[in-house]
Amino acid sequence: MDTQNLENAAVKIQSWWRGNMVRRTLLHTALRAWVIQCWWRSMQAKMLEQRRRLALRLYTCQEWAVVKVQAQVRMWRAHRRFLQARQAACIIQSHWRWHTSQTRGLIRGRYEVKASRLELDIEILLT
């Protein structure tokens, strides 16, 4: 074989080899890019899940705070109504005790008017 044919054959072999190397390099690069993209997508999914859980925890805390405030307000209102009712009961009791002390000797009676004289039937009760 002459040198020209050998050079053409060498050039063809070198170009085939370089093509294989370039294709292999591109394939490895594409695979590495695919691995990085998969990793990045999984990290984004984890971060999204963390943000979702944090938002849910914050919402839950706020809801519990609202429930606790409402319970405290309801308890305060019920306690205030209880105190008002107790004060009203004390006032009624004190008035009743005053009234019974004033009317401890209760006088009951009936009377009839017959002709020109008055008949009285008086009964005095002591309590």
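Select V35 first. V35 sits in helix 1. The model is predicted, so read each stop as a computed result.

Stay on V35 and show its surface. Is V35 buried or exposed? V35 is partly exposed, with a relative accessible area of 48%. That value lies over 30%, so V35 passes the accessibility cut-off for a surface patch.

Now add L27, L31 and W34 to the selection. Together with V35, these residues form a nonpolar patch on the surface. The accessible area of L27, L31, W34 and V35 together is about 430 Å².

Next, move along to R81. Which element holds R81? R81 lies in helix 1, which covers residues 3-102. R81 is partly exposed, and its relative accessible area is 48%. Here too the value is over 30%, so R81 passes the accessibility cut-off for a patch.

Keep R81 and add R74, R77 and R80. What do R74, R77, R80 and R81 form? They make a positive patch on the surface.

Zoom out and colour by secondary structure. The chain has 1 helix and 2 strands. Trace the chain from the N terminus: the order of elements is α-β-β.

Finish with the surface of the whole chain. How much of the chain is buried? Of its 127 residues, 1% are buried. The chain exposes about 12500 Å². Carbon and sulfur atoms supply 63% of that exposed area.

Methods. Residues numbered from 1 in each chain as written. Predicted model: local features only at pLDDT ≥ 70, side-chain atom pairs only at ≥ 80, totals over all residues. Heavy atoms only, no water. Patch = residues over 30% accessible without salt bridge, like charges linked within 9 Å, V, L, I, M, F, W, Y side chains within 5 Å. Areas by Shrake-Rupley, 256 points an atom, 1.4 Å probe, with all protein chains shown as cover. Salt bridge = Lys/Arg side-chain N within 4 Å of Asp/Glu carboxyl O. Lys, Arg positive; Asp, Glu negative; His and termini not counted. Charge placed at Lys NZ, Arg CZ, Asp CG, Glu CD. Helix = DSSP H or I, 4+ residues; strand = E, 2+ residues; numbered from the N terminus. Buried < 20%, exposed > 50% of the residue type's maximum accessible area, 1.4 Å probe, protein only.
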